[in-house]
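Q: Please take a close look at a single helix in this structure. I would like to know its length, its surroundings and how its start is held.

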Amino acid sequence: MSISAVITGDIVNSTLLVSPAIEKKLITQLSAVLKEHKFEFYRGDSFQAYIRNPDEALELVFQLRAIARSFSFIHDVRASIGIGKAATPVRNLRTATSEAFILSGRSFDRLGDEIRLSIESPDPEANTAFRVIASYADFISKRLTSKQAEVVSELLKEHTQTETAKKLKKAQATVNKHAQAAGWSEIEKLIYEYKQVIHQLISS
């Protein structure tokens, strides 16, 4: 079995989306983020995704949350990332019982509305680092305004600020202002540190 990641999540305040059409639009955009991975939405606003390369999981969660935050300040995505062994191929997400799935599911069950992100592995030392990363990532994501979230979402697609300004039809100075206010440099650092812990976990 290889080390993989599983994301278990749901949409915060999905019942407060203004219409079924808006809910469908949000789920479509979230699905687009996960399209390269095996994923499934169920009960309308809940989902699970199997990420073969665990390096990508935190960045994906940042993207999912930025998209939700771009719809309004009351919306968000709660998510748990379970990192561990996963039997492949994964045929059915709902019935999978490998380590990564169990860790993700159990961790998600412990989340509340105040804490919306957790990262858990079977390694206690790695988990110490993951708790700090998850806490800071959660702090940043929960404070994104809709405009900041739009910018972060584009930057996470590896678009430059110039490309982001063109896509969002904003001045580059405005994009830069939103990026700084959103804590973009901190987001980049958190993703980097997360990957470093993943690499140490895999090599141990």
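A: Helix α4 covers residues 124-142, 19 in number, and its first and last C-alpha atoms are 26 Å apart. That is close to the 27 Å expected at 1.5 Å a residue, where the expected span is 1.5 Å times one less than the number of residues. Helices here are DSSP runs of H or I with at least four residues, strands are runs of E with at least two, and both are numbered from the N terminus.

The model is a predicted one, in which local features need pLDDT of at least 70, side-chain atom pairs count only at pLDDT 80 or more, and totals for chains, interfaces and linings use all residues. Residues are numbered from 1 along each chain as its sequence is written, and side-chain values use heavy atoms, with hydrogens and water left out.

Next come the surroundings. The buried residues of α4 are Ala-126, Asn-127, Phe-130, Ile-133, Ala-134, Ala-137, Asp-138, Ile-140 and Ser-141; buried means under 20% relative accessible area, exposed over 50% and partly exposed in between, with a 1.4 Å probe and protein chains only. These buried residues pack against the helices α2 (57-71), α7 (172-182) and α8 (184-203), and against the strands β4 (76-86) and β5 (117-120).

At the N-terminal end, α4 is capped by Asp-123. One of its side-chain oxygens lies 2.9 Å from the backbone nitrogen of Glu-125.

The helix α2, against which α4 packs, also supplies 6 residues to the lining of the largest pocket, the largest share.

Conventions:
Contact = heavy atoms within 4.5 Å. Polar contact = N/O pair within 3.5 Å; in protein donor to acceptor, adjacent residues only side chain to side chain.
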